[in-house]
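Grab your viewer and work through a few exercises on charges, contacts and burial. Try each task yourself before reading its solution.

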Amino acid sequence: IAAADETTSPLVSWPPGNILLLSLLTCFVSINKSAKSFSASYCLFMHASRRLRAFKRWMKSQGIQCSHTLDFIDCPQQGISVGALSDLHEGDVVAKIPKTACLTIKTSGAREMIESAGLDGYLGLSVALMYEKSLAQDSPWAGYLQLLPPQECLPLVWTLGEVDSFLSGTELHKAIKEDKTLMYEDWKENILPLVYSAPQSLNPSSFSVKEYFAARSLIGSRSFQIDEYHGFGMVPMADLFNHKTGAEDVHFTSVSPNQEYEDDVDSENGDNNELSKISGHDKRDSTCENSYIHSDSESDYSSVTGEDPMMLQMIMVREVKSGDEVFNTYGSLGNAALLHRYGFTEANNPFDIVNIDLELVLKWGCSLFSSRYCRARLSLWRRINISGSVSENSEYFEVSSDGEPELELLTLLYIMLLPDDTCHKLDISICTADKVSANIGMILSEKHDITWSTSSEISKDLLLTEKVCRALLALADIRESCYGSKSIDEDVEALKRCCMTERKLYHSLMLRISERRILEKFRTYATAGAQIQTFQDANGTSTTRKRLKKH
């Protein structure tokens with residue numbers, strides 16, 4: 001090419017033989033690249049195929065009964081999913097899993113060590129999982145463990161730099177950093193001493209802080225509540241079904257000797273014995289009152305019902321067509337909770353929320369009034385038995401996916417903005433009113449010339465004064481500023497350029513965008529509220545939409 005005339009196309013000026021040689025060389029390079037790509041894909045496919053075959057052999061050896069109508073699909077990029085090989089019908093039992101096949105503190109080879117150290121819950125199960133992984137092929141769960149990833153891609157195992165970069169401004173940013181700190185302290189205080197004091201020789205590298213975080217990510221995203229005796233643990237096969245919001249296809253049950261059989265198979269009453277998905281701080285207790293150690297009662301129960309209380313069942317709760325994926329549902333969770341607990345997000349999630357911290361409300365208040373004034377109004381708000389949601393050491397107010405704030409926030413803003421004389425009157429009336437909501441009701445009845453009775457509750461519309469709506473808009477701006485200088489449009493463009501394989505970036509962008517869209521709706525809500533209030537004031541009318549919760 002360098003020898004070609006610079007004023008003409010290199011190929012045009014080359015002799016025909018050289019052009020043919022270049023074409024052959026280009027073809028060879030292309031074929032070689034394709035061959036390498038094919039070879040890599042083929043190796044991944046063969047590895048996936050081998051580990052699935054090993055898992056199926058292991059399931060059979062453990063007495064796990066799996067319907068031939070289920071198909072396991074192993075995608076190197078997306079992981080394992082479960083599909084239907086033929087039409088599945090409501091009530092079909094597609095799997096039975098012995099409790100002895102589940103990895104729990106009680107079934108692990110490290111049980112004595114764990115119980116002697118007084119560990120239980122997540123700490124105990126983490127030790128059990130790390131111990132079995134350290135045994136490699138010698139573990140009774142080797143065929144199952146080889147199917148699991150080293151760790152799930154939860155924010156919990158991201159670096160602090162990644163947490164700050166990807167999650168800044170989101171609901172998870174502060175929570176993840178607090179989780180990482182607390183979990184490190186748990187490891188240092190409980191697991192590190194155990195490694196060096198255990199009666200059996202343990203490899204410290206298998207119980208390092210990195211391995212502990214990895215184990216917690218697997219447990220947090222995959223464990224289930226089994227029964228009172230076992231607590232929660234890893235349930236092979238049950239953890240292979242992917243989540244889809246509001247689309248539960250398969251239902252997990254744990255048969256208990258003291259439960260009525262019809263309750264177990266009735267989908268309307270089955271919540272009492274549902275095998276609950278455990279994640280993060282959302283632990284749902286099992287209602288199995290008698291553990292499997294009560295062998296006499298279990299024998300009697302089994303003989304009457306034909307059900308084995310030592311078995312976990314997977315039952316179809318809706319029709320699934322052949323070729324479709326079979327989904328579980330982990331609950332009605334927004335994207336912040338899904339990413340926190342399971343490492344993924346969903347588009348157009350109807351359960352998304354944004355929180356407005358009480359700290360942000362006070363920041364807004366102190367920009368208009370003195371700190372003393374804000375504390376006094378906050379105290380008055382608490383005296384009428386109203387509070388926000390509380391998690392750990394923070395108090396906050398939720399904004400729903402449609403942009404509507406909680407009534408508790410509106411009430412606080414309303415009290416913050418009351419004139420001094422009206423606020424003083426409210427303060428005095430608290431001591432004498434029979435019903436706390438009547439205090440606010442008395443103020444509203446005077447302002448809006450409405451009839452009020454002590455049995456009434458506070459109208460949300462009446463709290464949406466023009467000043468309150470302006471306060472909501474200010475809070476939206478403060479909350480939006482937490483995301484930094486990039487606009488939501490820039491986030492949307494970044495998401496379009498992002499590949500699904502970049503899981504951390506992709507799902508963090510999904511979370512940021514979903515939260516910021518809620519804030520946009522929040523602004524629309526406040527603007528519309530101000531317009532409605534102006535219209536009502538002009539026409540002397542009022543419309544009641546929602547009532548205040550009282551505690």
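**Exercise 1. Classify Ser-67: buried or exposed?**

Step 1: get the cut-offs straight. Buried means under 20% relative accessible area, exposed means over 50%, and partly exposed is in between (1.4 Å probe, protein chains only).
Step 2: apply them. Ser-67 has a relative accessible area of 18%, so it is buried.
Step 3: place the residue. Ser-67 sits in the loop between strand E1 (65–66) and strand E2 (70–75); helices (H or I, at least four residues) and strands (E, at least two) are DSSP runs, numbered from the N terminus.

A word on the ground rules: this is a predicted model, where local features need pLDDT of at least 70 and side-chain atom pairs count only at pLDDT 80 or more, while totals for chains, interfaces and linings use all residues. Residues are numbered from 1 along each chain as its sequence is written, and side-chain values use heavy atoms, with hydrogens and water left out.

**Exercise 2. Find the side chains that make polar contacts with the side chain of Thr-245.**

Step 1: define the contact. It's a pair of N or O atoms within 3.5 Å; within protein, one must be able to donate a hydrogen and the other to accept it, and residues adjacent in sequence count only if both atoms are side-chain atoms.
Step 2: locate Thr-245. Look in the loop between strand E6 (231–234) and strand E7 (250–254). With 17% relative accessibility, Thr-245 is buried.
Step 3: list the partners. His-243 is in contact at 3.1 Å, and Glu-346 at 2.2 Å.
Step 4: go back to Ser-67, whose side chain has a polar contact of 2.6 Å with that of Thr-69.

**Exercise 3. How many salt bridges does a search of the whole structure find?**

Step 1: set the criterion, namely a side-chain nitrogen of Lys or Arg within 4 Å of a carboxyl oxygen of Asp or Glu.
Step 2: run the search, and you get 20 salt bridges.
Step 3: take one of them, Glu-152 with Arg-222, at 2.7 Å from N to O. This pair links distant parts of the chain, 70 residues apart: Glu-152 is in the loop between helix H5 (142–145) and helix H6 (160–167), and Arg-222 is in helix H8 (residues 209–222). Both Glu-152 and Arg-222 are buried.
Step 4: try Glu-395 with Arg-382, 2.9 Å from N to O. Glu-395 belongs to strand E11 (residues 394–399) and Arg-382 to helix H13 (residues 371–383), so the bridge ties together parts 13 residues apart in sequence. Glu-395 is buried at 14%, whereas Arg-382 is partly exposed at 35%.
Step 5: look for a network. Glu-480, Asp-491, Arg-512 and Arg-516 are linked in one by salt bridges.

**Exercise 4. Where do Glu-493 and Lys-496 lie relative to each other?**

Step 1: both are in helix H19 (residues 488–497), three residues apart, which puts about one helical turn between them.
Step 2: recall the geometry. An α-helix has 3.6 residues a turn, so residues three or four places apart point the same way.
Step 3: check the pair. Their side chains meet in a salt bridge of 3.4 Å, N to O.
Step 4: compare the covers. Glu-493 is partly exposed at 39%, and Lys-496 is exposed at 62%.

**Exercise 5. How many residues of H11 are buried?**

Step 1: count them. The tally is eight of the eight, so H11 is largely enclosed by the rest of the structure.
Step 2: step just past H11, where Gly-343 takes a positive phi of about 85 degrees.
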